[in-house]
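Colleague: I am new to this structure and would be grateful for a close look at a single part of it. Could you please take me through the pockets and the residues that line them?

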Amino acid sequence: HTKVQLLDGGFPAWQADGLSVSMEAVSPKPGDFIAMIQPEKLVTKLRMRLATRADKSIILDARSQDEYAGFKSITDRYGHIPQAINIPWGNNVNSGGDFPQMKTFPELQQVYAGLDKNKKILTYCNKGKGSSFAYFVLRQMGLDVAHYDGSWFEWSSDVSLPIVSP
């Protein structure tokens, strides 16, 4: 899809704004949509491996600081992909209200102020959920970004791949 949007604050924000809700079942009609992969927006394990050997991209680990530092892990290996910097995906939201909502554009510019805007950014997390949100935010900011959906789960499961661990 070329026109993707997220509901800021999710369904709770929708309800809090008093917008209509229906319990009726929806029966979508068949269409003629054809999915097209955009390889420049997708990172494979091989592409990520090549990125660890060159300084042409920024590898962005969107996991928590504890996971990045190697204190916690969802897999048997602890640490992060070599060359990766850590900006947790949660830094994109304000969670002080009734439900988390995306930070304002100026706040997001501060979150990502240290990134070289002339380099491609490759995002990953544990299984692709948090890094896909970081990918979305970075795209909204106009940055050149691609997503590694295999993320730490795939990378750390391959013992032939290097990691930085404590």
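**The pockets and their linings**

Modeller: Helix H5, which spans residues 129-140, supplies four residues to the lining of the largest pocket, and this is the largest share. Please bear in mind that the model is a predicted one. The volume of this largest pocket is about 650 Å³. Its lining counts 17 residues, and those closest to the centre are His1, Gln38, Lys41, Tyr135 and Arg139. Sorted by class, the lining of the largest pocket comprises nine nonpolar residues, five polar residues and three charged residues.

The second largest pocket may be described in the same order. For this second largest pocket the volume is about 430 Å³. Its lining is made up of 22 residues, and nearest to the centre lie Trp89, Val93, Lys129, Gly130 and Phe133. Two elements, strand E4 (101-102) and H5, each give two or more residues to that lining. H5 again deserves attention, as it provides five residues, the largest share of the lining of the second largest pocket. By class, that lining has nine nonpolar, eight polar and five charged residues.

Helix H5 is thus a useful element to follow when viewing both pockets: the largest share of the lining comes from H5 in the largest pocket and also in the second largest pocket.

Note on methods
Residues numbered from 1 in each chain as written. Predicted model: local features only at pLDDT ≥ 70, side-chain atom pairs only at ≥ 80, totals over all residues. Heavy atoms only, no water. 1 Å grid on protein atoms, 1.4 Å probe; cavity = no way out; pocket = protein on both sides within 12 Å on 5 of 7 lines; lining within 4 Å. Points joined across faces, edges and corners; volume = space filled by probe spheres on them. Nonpolar A, V, L, I, M, F, W, Y, C, P; charged D, E, K, R; others polar.
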